[in-house]
Amino acid sequence: MNEQTSSTLAGRCARAWRHLCSTSSAGRRAFPPATLAAIEAAIGAGEQRHRAEIRLIVEAALPLAAAFDNLSNRARARQLFAQYGLWDTEENCGVLVYINLAEQAVDIVADRNAGRSVAAADWQDVCARLTGGFARGDFHDSTLAALERLNALLLQHFPADGARPNQLPNNAIIL
């Protein structure tokens with residue numbers, strides 16, 4: 001085994017270990033019931049003002065094999081986007097906010113219409129609000145601030161045009 005292979009293997013093992021040690025209780029501590037209720041209310045209130053659909057998924061850690069295989073945060077977010085049917089909204093404007101607690105990483109995956117309408121820098125701003133708050137241990141307020149910014153962006157591009165059915169649940173998913 002050469003030195004580069006050894007360091008790559010060591011990095012993969014370290015990443016897998018970090019994910020193995022990050023348990024679902026970390027997700028419950030970071031996002032207690034009061035925070036989950038506030039997230040659900042913020043998503044619901046935003047969706048009354050715009051036509052997009054938002055889901056927030058928090059994963060304490062990747063499955064061990066995925067972490068060892070170096071599955072990127074973005075790839076995992078795309079998997080969950082498909083798994084939870086965010087692509088299946090009437091106007092193709094589903095938006096997933098994916099939070100990986102083990103890596104304190106955030107990705108946003110947007111369906112075709114939303115992805116074309118909102119600038120990449122704006123998506124990155126929402127992610128930065130989250131990761132900045134998480135670095136300070138502030139999960140509640142930073143998540144609500146990020147959702148407020150996300151709702152404002154979606155309102156710009158998809159203002160509500162009358163009553164419409166809620167196409168996706170508003171509750172956060174903790175994996």
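Me: Before we start, what does "contact" mean here?
Reply: Contact means heavy atoms within 4.5 Å. Keep in mind that this is a predicted model.

Me: Okay, let's use it. Which residues is Phe81 in contact with, leaving aside its neighbours within four places in sequence?
Reply: Phe81 is in contact with Leu86, Trp87, Gly94, Leu96, Val109, Ala110 and Asp111, once neighbours within four places in sequence are left aside.

Me: And where is Phe81 found? Buried or exposed?
Reply: Phe81 is found in helix α5, which covers residues 73-83. With 8% relative accessibility, Phe81 counts as buried.

Me: How many Å apart in space are Phe81 and Leu150?
Reply: They are 17 Å apart, C-alpha to C-alpha, and 69 residues apart in sequence.

Me: Leu150 makes me curious about the core. How many residues has the largest nonpolar core?
Reply: The largest nonpolar core has 31 residues. Those with the most contacts inside it are Phe31, Leu56, Val97, Ile99, Leu147, Leu150 and Leu154.

Me: Which helices and strands each supply at least two residues of this core?
Reply: Among the helices, α3 (33-49), α7 (120-135) and α8 (140-157) each supply at least two, and so do the strands β1 (53-59), β2 (94-100) and β3 (105-110).

Me: Is there a general reason why nonpolar side chains are buried together, and what is it?
Reply: It is a tendency: in soluble globular proteins, nonpolar side chains tend to be buried together.

Me: Back to Leu154. What does it touch, not counting residues up to four places away?
Reply: Leu154 touches His50, Ala52, Ile54, Val95, Trp123 and Pro159 on that count. Apart from the largest core lies another core, of 14 residues, with Ile57, Leu71, Leu80 and Ile173 among them.

Me: New topic! How many disulfides does the structure hold?
Reply: The structure holds 0 disulfides. Cys93, for one, is in no disulfide.

Me: Why is there no bond between the sulfurs of Cys127 and Cys93?
Reply: Because the sulfur of Cys127 is 18 Å from the closest cysteine sulfur, the one in Cys93, which is too far for a bond.

Me: Are those two cysteines buried or exposed?
Reply: Cys93 is buried, with a relative accessible area of 1%. Cys127 is buried too, at 14%.

Me: Last one: where does Glu47 lie, and what does it touch?
Reply: Glu47 lies in helix α3 and is buried, with a relative accessible area of 5%. Not counting residues up to four places away in sequence, Glu47 touches Ala52, Glu53, Ile54, Asn151, Arg164, Asn166, Leu168 and Asn170.

Methods
Residues are numbered from 1 along each chain as its sequence is written. This is a predicted model: local features need pLDDT of at least 70, side-chain atom pairs count only at pLDDT 80 or more; totals for chains, interfaces and linings use all residues. Side-chain values use heavy atoms; hydrogens and water are left out. A nonpolar core is a set of buried Ala, Val, Leu, Ile, Met, Phe, Trp, Tyr and Cys residues joined through side-chain atoms within 4.5 Å. Buried means under 20% relative accessible area, exposed over 50%, partly exposed in between (1.4 Å probe, protein chains only). Helices (H or I, at least four residues) and strands (E, at least two) are DSSP runs, numbered from the N terminus. A disulfide is a pair of cysteine sulfur atoms within 2.5 Å.
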